[in-house]
Amino acid sequence: MIRNLTYLLTAVLIFGLGLCAGSFWIAPGSFEFYQLIVEMRALRMTAAFTVGGSLALSGLIFQALLRNPLAEPFTLGLSGGAAVGAALAFLTGIYTIGLAGVNLCAFAGAMAVLAFVLVTARGSRESLLLTGVITGTIMSGLLMFLLSRAESTEQLAGITWWMLGDLQAPEKTLLTVCGLFLICAAILARFFAGDMDALSLGSSQAHDLGIRSKPVLILMTTLASLLAAGTVALAGIIGFCGLVIPHIIRRLHGQSHRKTVLPAVLGGGVFLMLCDIISRLGEIREIPIGVITALTGGPFFLWLLNRRKGV
């Protein structure tokens with residue numbers, strides 16, 4: 001409980017820092033003079049926390065279900081499907097009706113890939129992983145083809161910026177939906193924590209413990225995939241958060257999912273809020289948040305692996 005409160009307090013402090021920090025500093029006493037900017041920053045920090053928490057929880061679930069420490073929210077090819085959906089939105093002109101058009105197309109692409117993978121794998125843990133990787137490769141090829149068909153700089157820039165991750169103008173309705181779903185997903189993950197502990201030991205061990213592995217596997221895979229699909233629809237493709245944060249949380253709190261679900265959500269939210277603050281410190285042009293997560297999360301993950309091996 002004390003650890004969870006520490007995470008929560010840290011999240012609140014980082015959120016407050018995010019209201020002050022940016023291309024220029026706004027002192028707390030000056031918030032009323034910069035109300036519009038403060039509101040925009042508050043919206044971004046809320047989106048960053050929601051996306052970070054969703055990715056971390058999704059990664060935690062995938063790593064347990066697939067028994068693979070390198071599993072992450074986009075293991076099943078969801079990012080590729082979402083990227084193809086967003087690219088189609090730009091190429092067909094749907095993006096001109098508003099950002100929501102791109103969001104919906106990205107979500108539809110991710111859901112189409114999820115349905116294909118689940119139907120093809122038929123609930124098999126091994127087939128899920130292989131089917132997801134192969135489907136992701138196919139989606140990457142299709143995305144490259146769509147990029148080659150871009151007819152204007154605006155289309156190409158829109159697709160590229162979205163693929164790098166973008167929290168500049170999160171769609172409020174979608175953000176609300178993703179936030180509420182994150183709360184529900186965290187509650188469900190906590191409820192099925194014992195089942196995930198059993199599945200992380202193997203299907204035969206889970207069966208011996210009385211766990212119906214296939215229904216739980218499909219349910220939790222769908223839950224984790226919906227979390228990931230919501231994030232890519234909201235903010236584009238943001239890597240490493242769903243891979244690194246679960247590793248850190250497990251090192252700090254052990255393997256029991258009863259002890260790691262809430263810290264993963266709060267830890268992921270804190271991590272991405274910090275990355276968002278760093279991304280907008282530039283005075284001229286901000287750095288895409290996906291670049292920040294890759295540059296910080298990648299080296300840190302390598303350090304974790306080397307330390308684990310005693311290198």
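**Exercise 1. Describe the fold of the chain, element by element and then as a whole.**

Read from the N terminus, the elements run α-α-α-α-α-α-α-α-α-α-α-α-α. The radius of gyration is 19 Å, close to the 19 Å that the globule rule gives for 311 residues, so the chain is as compact as a globular protein of that length. Here the radius is taken over C-alpha atoms, and the rule is 2.2 Å times the number of residues to the power 0.38. Counting elements gives 13 helices and 0 strands, where helices (H or I, at least four residues) and strands (E, at least two) are DSSP runs numbered from the N terminus. Along the principal axes, the C-alpha atoms fill a box of roughly 60 × 50 × 40 Å.

A word on the model before we go on. It is predicted, so local features need pLDDT of at least 70 and side-chain atom pairs count only at pLDDT 80 or more, while totals for chains, interfaces and linings use all residues. Residues are numbered from 1 along each chain as its sequence is written, and side-chain values use heavy atoms, leaving out hydrogens and water.

**Exercise 2. Classify the pair formed by Phe-191 and Phe-192, and the burial of each partner.**

Start with the search of the whole structure, which finds 2 aromatic pairs. In the pair of Phe-191 and Phe-192, the ring centres are 5.2 Å apart and the planes stand at 85°, so the pair is edge-to-face. The criteria are centres within 6.5 Å, with planes under 30 degrees apart counted as stacked, over 60 as edge-to-face and the rest as tilted.

Next, take burial: buried means under 20% relative accessible area, exposed over 50%, and partly exposed in between (1.4 Å probe, protein chains only). Phe-191, at 62%, counts as exposed, whereas Phe-192, at 15%, is buried. For the chain as a whole, buried residues make up 51% of the 311 residues.

**Exercise 3. Find where Phe-240 lies and say what marks its backbone.**

Phe-240 sits in the loop between α10 (213-235) and α11 (241-253). Its phi is positive, about 75°, although Phe-240 is not a glycine. Most residues other than glycine have a negative phi. To finish, Phe-240 counts as partly exposed, with 31% relative accessibility.

**Exercise 4. Locate Leu-142 and relate it to Ala-233.**

Helix α5 (residues 125-148) holds Leu-142, which is partly exposed at 35% relative accessible area. Leu-142 and Ala-233 are 91 residues apart in sequence, and their C-alpha atoms are 18 Å apart in space.

Definitions and conventions. Rings of Phe, Tyr and Trp (its six-membered ring) pair if their centres lie within 6.5 Å; planes under 30 degrees apart count as stacked, over 60 as edge-to-face and the rest as tilted.
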